[in-house]
Amino acid sequence: MITLSIAGDEYFYRGEWEGPDAAIRRVLTMLSDTITVTPDMGDPVYVIGHQVAEMLGARVISYEPPPEVPGRVY
Amino acid sequence: MSQVNIQRSIRWQLDNLTPAMVSTFCDIAELEPMTEDEFRDWWSDWTWDGLDYLLVARGESEEPMIEIDLREGSSLSGNYGHAGIPGSRGGSMPGGGHRQLGVGRGASDEEKKEAVAQRRKERDEEEAPQGAPSYGDYPKDQAQFAEWQKRTATMAEDIREKVLPYGVQAEALEQELTSAYEGLAQAWIQAYDQIESLDKSASGYDEAKAQILRQAEEVQQKTEQLVQRLNRAQEGGLAGTYIMGAGIESPATVTVGISHPEGRHHEASVRSTISMFEARALEQVPNVHIAPLPEGRARACCSGDIIEVRRDSPAFVIAHETGHAIEHQSARVATLAQMFLEKRTAGETAKPLGGGYAADEVAKPDKFPSPYCGKIYDRGSTEIVSMGLTYMSSNPAKFAKDDPEYFRFMVGVMRGL
């Protein structure tokens, strides 16, 4: 389980990783502070996490997106 | 004078009415003469400016004491056909209520509703700014929508051409940055691989490790510099947003509610977003209530007129959620958005957005700048206005280049064309 920081708040990446853990953490920190989270990204935790995984050749074993809240628009 | 004191004053005034006061009041308010009892009954639908009249009638004030800032209740509120009270809504104008609407006290609810609707239509016609659209006439089908697009194209294209020169550099930098991120990732992988292969018991281990980390740090610093250049270029792109605001005759206003102190940071963004609309583009002054995002959720969202955002959400996210609030409160904007989505995605099948979205989040991607623009909601909401405002408030030049038709549509919506 990896903790992802977006603009100062920490979120748990709700997925499991298989790959070079230290490198993932390093790049994740950089990206989470520099990638702009846009409304069309879906769950930004997922997006940044997966972006890092793809770059590093890491494999995402599982991921569970947060459920939509009925009546909300995003 | 506080609202509570004024209300106390009203009660006191009503308990101490004299025939002379009622007579003077009716003269000033141009009402038919009433008895004191009739007056009390009439006053049960009381007004703020009515209080001023009453004070003048009593000889206690020669000038109105209260600065009236009346706002009409919306067609969606229970107070339509009434004027608002300062800081809130409700009440009715002097001479308002059933008398002004021309229905008797014994009229049925149906008759009263009909009278309100008629009065609303008359007032819309009386008060519509010159050249403004009649809200009963905005496109209701695709044929009318096609006509609307043709009619708005010239002005919208004129604005598009003014905005286009900005923001192109940012686009090139974004591509460069994508490669830089990949290089950064590789640099750290190599660094850790090299460190793993070092002999930890060797004498120069610490120095060799530090050297390897320094090399990766250098790559990271270059990437960070690129991010800074991109930020500056995007600020250049933002110059286009000023052009978006230029030439607006009467900017729309908004009533902002804030339920958490941190929401104050976002008030300016809400107001700035709304001010990109001509007042005539919206049927009413919209409400936007800023609330914090519930713990554990990373995606900003909107429910009715409440936007739930993170304390550090950037301005374009606030613009996005404000777009949902506008679409929720404006039948004109909502209908135009549905028409545009329908036109652009005709014949397409909705597909799951995938990735970080829930399984039931689907979209018809068309050739929108993002597939998310074509997201389909059960209850007819769209992402059209919200995504359009996202682009308009972040990099309108890129938007104007990437999707000219969508850009022109947004101009038509925002300018009330």
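Let's start with Asp402 of chain B: at 33% relative accessibility, Asp402(B) counts as partly exposed. This is a predicted model, by the way, so please hear everything I say today in that light. The partner of Asp402(B) is Lys398(B), and the two form a salt bridge whose closest N and O atoms are 2.8 Å apart. Lys398(B) is partly exposed too, at 23% relative accessibility. Both sit in helix H14, residues 396–402 of chain B, and because they are 4 residues apart, about one helical turn separates them. Right by that in my notes is a network: salt bridges with shared partners link Lys343(B), Arg344(B), Asp366(B), Asp403(B) and Glu405(B).

Let me pick out one member of that network, Asp366(B). Where does Asp366(B) lie? You'll find Asp366(B) in the loop between strand E6, 362–363, and strand E7, 375–376, of chain B. Its backbone deserves a look: the phi of Asp366(B) is near 45 degrees, a positive value in a residue other than glycine. For context, most residues other than glycine have a negative phi. Asp366(B) is partly exposed, with a relative accessible area of 26%.

That loop takes us to the sheet. Strands E5, E6 and E7 of chain B, in that order, make an open sheet of 3 strands with antiparallel pairing. Which strands stand at the edges? They are E5, 351–352, and E7 of chain B; each has a single partner strand, so one side of each is left without a neighbour in the sheet. E5(B) and E6(B) run antiparallel and are joined by 2 bridges. If you want a residue to click on, Lys351(B) stands opposite Ala363(B) in E6(B).

There is parallel pairing in chain B as well. Strand E1, residues 255–258, pairs with strand E2, residues 287–292, in the parallel sense over 4 bridges. One of the pairs to look at is Val256(B), whose bridge partner in E2(B) is Val288(B). Now, is the crossover between these strands left-handed or right-handed? From E1(B) the chain passes through helix H10, residues 264–274 of chain B, to reach E2(B), and this β-α-β crossover is left-handed. I'd be glad to have somebody look at that part of the model with me.

On to helix H7, residues 142–163 of chain B, and a pair of salt bridges to compare. In one of them, the side chains of Glu157(B) and Arg160(B) meet at 3.0 Å, N to O. These two are 3 residues apart in H7(B), so about one helical turn lies between them. Are they buried or exposed? Glu157(B) is buried, with a relative accessible area of 19%, just under the 20% cut-off for that label. Arg160(B) is buried as well, at 12%.

In another, Lys162(B) and Asp158(B) meet through their side chains at 3.1 Å, N to O. They too belong to H7(B), 4 residues apart, or about one turn of the helix. Here, though, Lys162(B) is partly exposed with a relative accessible area of 46%, and Asp158(B) is partly exposed at 40%. As a reminder of why such spacings suit a helix, an α-helix has 3.6 residues a turn, so residues three or four places apart point the same way.

One more helix, and this one is H11, residues 315–329 of chain B. Its 15 residues reach 21 Å from the first C-alpha to the last, close to the 21 Å expected at 1.5 Å a residue. Of those 15 residues, 13 are buried, so H11(B) is largely enclosed by the rest of the structure.

Stepping back to chain B as a whole, its secondary structure comes to 15 helices and 7 strands. Of its 417 residues, 44% count as buried. Among contacts in chain B between residues at least 6 apart in sequence, 62% join residues at least 24 apart.

And finally, chain A. In the interface, 37 residues of chain A are in contact with 46 residues of chain B. Between them the two chains bury about 3600 Å², with 60% of that on carbon and sulfur atoms. How many salt bridges cross this interface? The rule finds 1. Arg72(A) forms a salt bridge with Glu308(B), with the closest N and O atoms 3.1 Å apart. Over all chains, the structure holds 14 salt bridges. Thanks, everyone, and I'm happy to go back to any of these spots.

Definitions and conventions: Residues numbered from 1 in each chain as written. Chains lettered and ligands numbered in written order. Predicted model: local features only at pLDDT ≥ 70, side-chain atom pairs only at ≥ 80, totals over all residues. Heavy atoms only, no water. Expected span 1.5 Å × (residues − 1). Buried < 20%, exposed > 50% of the residue type's maximum accessible area, 1.4 Å probe, protein only. Pairing = 2+ DSSP bridges. Right-handed = clockwise from strand over helix to strand, strands pointing away. Contact = heavy atoms within 4.5 Å. Buried area = accessible area lost by both parts, 1.4 Å probe. Salt bridge = Lys/Arg side-chain N within 4 Å of Asp/Glu carboxyl O.
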